[in-house]
Amino acid sequence: MTRLLLLLGLLGVLDARAKDRVEAARRAKERAVAEAFAAAGVSWPPEELYVRGFKQERELEVWAGARGQPLKPVKTFRFCAASGDVGPKRREGDAQVPEGFYTLDQFNPQSQFHLSMRVSYPNDADRRRGERPLGGSIYVHGDCASIGCIAIQDDPIEELYLMVLEARRKMKRDVPIHLFPRRLDAEGLAALEKHPRATPERVAFWRGLEPGWRLFEETRRPPRVSVDPRTGAYVVKPGR
């Protein structure tokens, strides 16, 4: 009984510390976040939020807007660290940042990297095409260290964490995050085809990501993405 009480007490302390960390971020950053949304012409908190990342450019973009309407750019965060190179994550221990269509599906206010949000790797496409064990625990977080994660330092992660946390409450669903090797215009695809890591399989994979990148460029609406159960290929359709 004494051990149980001690454990419950420890859990209570950890939970309080986690809440304190989030509330400290809210006090420090909510005004700046609200001002960034106002400057973009978007209400805060937003009805929709979308995050997309480009590994080669080392940029994480935040887009937001009214439900069902074209989204507007709010802020771009620079990667401080991201291990690996272009190319998808295919197995545990390859140190690759994933590429594909994911969501930010969990929040960790007790992260050793200040604050963190989990990328929903592996998805169905990864499970169909990857090698066991696939690994996991891929996060966007603070600090400036990475083994398969995206680190953007402590100050910026407080802003991004608050954006995603409040948007998820408003949206009542996970916030999408789409991760690309680089911008997939004609020049970008041509550069990838000449990249030292290019293989026929990787080039085909990158070309499978291109419709998702292009549809958002054309419509400013996140695409709807599913996975072909036979091949593991992404099936991309215009967003609603």
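1. Let's start with S146, in this predicted model. S146 sits in the loop that runs between β7 (139-141) and β8 (150-151). Its side chain is busy with backbone atoms: the backbone oxygen of C149 is reached at 2.5 Å, and the backbone nitrogen of G148 lies 3.5 Å from a polar atom of the S146 side chain. Leaving out residues up to four places away in sequence, S146 touches A81, A82 and S83.

2. Some of that loop turns up again in the second largest pocket. This pocket has a volume of about 260 Å³ and a lining of 20 residues, with G136, S137, Y139, I147 and C149 lying nearest its centre. So C149 is worth a second look: the residue whose backbone oxygen the S146 side chain reaches is also one of those nearest the centre of this pocket. By class, the lining splits into seven nonpolar, 10 polar and three charged residues.

3. Now the largest pocket, at about 420 Å³. Its lining counts 22 residues, and P176, H178, P223, R224 and V225 are the ones nearest its centre. The elements that put two or more residues into this lining are β1 (48-54), β5 (100-108), β9 (175-180) and β10 (224-227). Which of them gives the most? That is β10, with four residues. The class breakdown here is 10 nonpolar, six polar and six charged residues.

4. On to the inside of the protein. The largest nonpolar core has 55 residues, and the ones that touch the most other members are L49, L60, V140, L160 and I177. Helix α3 (residues 154-171) is the top contributor to this core, with nine residues.

5. V140 deserves its own point. Not counting residues up to four places away in sequence, V140 touches L60, L104, L115, S116, M117, V119, I150, I157, L160 and I177. Three names on that list, L60, L160 and I177, also appear with V140 among the core residues that touch the most other members.

6. P98 is found in the loop between β4 (81-82) and β5. Is this loop proline buried or exposed? P98 counts as buried because its relative accessible area is 0%, and the cut-off for buried is under 20%. Beyond four places in sequence, P98 touches K55, K89, Y121, I138, G148 and L179. Note G148 there, whose backbone nitrogen came up with S146 in point 1. For a sense of spacing, P98 and K75 are 23 residues apart along the chain, and their C-alpha atoms are separated by 22 Å.

7. W63 lies in strand β2 (residues 59-65). With a relative accessible area of 6%, W63 is buried too. Its side chain makes a polar contact with the side chain of E61, at 2.9 Å. Setting aside neighbours within four places in sequence, W63 is in contact with E48, L49, Y50, R52, L71, K72, P73, V74, F216 and R220. One of these, P73, is 10 residues from W63 along the chain, and the two C-alpha atoms are separated by 4.5 Å. Another, L49, is listed among the core residues that touch the most other members.

8. R220, one of the W63 contacts, has a backbone quirk. Phi of R220 is near 60 degrees, a positive value in a residue other than glycine. R220 is placed in the loop between α5 (200-219) and β10. At 25% relative accessibility, R220 counts as partly exposed.

9. K172 also has a positive phi, about 60 degrees, although K172 is not a glycine. The loop in this case is the one between α3 and β9. How does K172 stand, buried or exposed? K172 is exposed because its relative accessible area is 73%, against a cut-off of over 50%.

10. Last, have a look at the cis peptide bonds. One joins W44 and P45, with omega about -5 degrees, and P45 lies in the loop between α1 (2-40) and β1. Another joins R132 and P133, again with omega about -5 degrees. P133 is in the loop between α2 (124-129) and β7.

Key: Residues numbered from 1 in each chain as written. Predicted model: local features only at pLDDT ≥ 70, side-chain atom pairs only at ≥ 80, totals over all residues. Heavy atoms only, no water. Polar contact = N/O pair within 3.5 Å; in protein donor to acceptor, adjacent residues only side chain to side chain. Contact = heavy atoms within 4.5 Å. Core = buried A, V, L, I, M, F, W, Y, C linked by side-chain atoms within 4.5 Å. Buried < 20%, exposed > 50% of the residue type's maximum accessible area, 1.4 Å probe, protein only. 1 Å grid on protein atoms, 1.4 Å probe; cavity = no way out; pocket = protein on both sides within 12 Å on 5 of 7 lines; lining within 4 Å. Points joined across faces, edges and corners; volume = space filled by probe spheres on them. Nonpolar A, V, L, I, M, F, W, Y, C, P; charged D, E, K, R; others polar.
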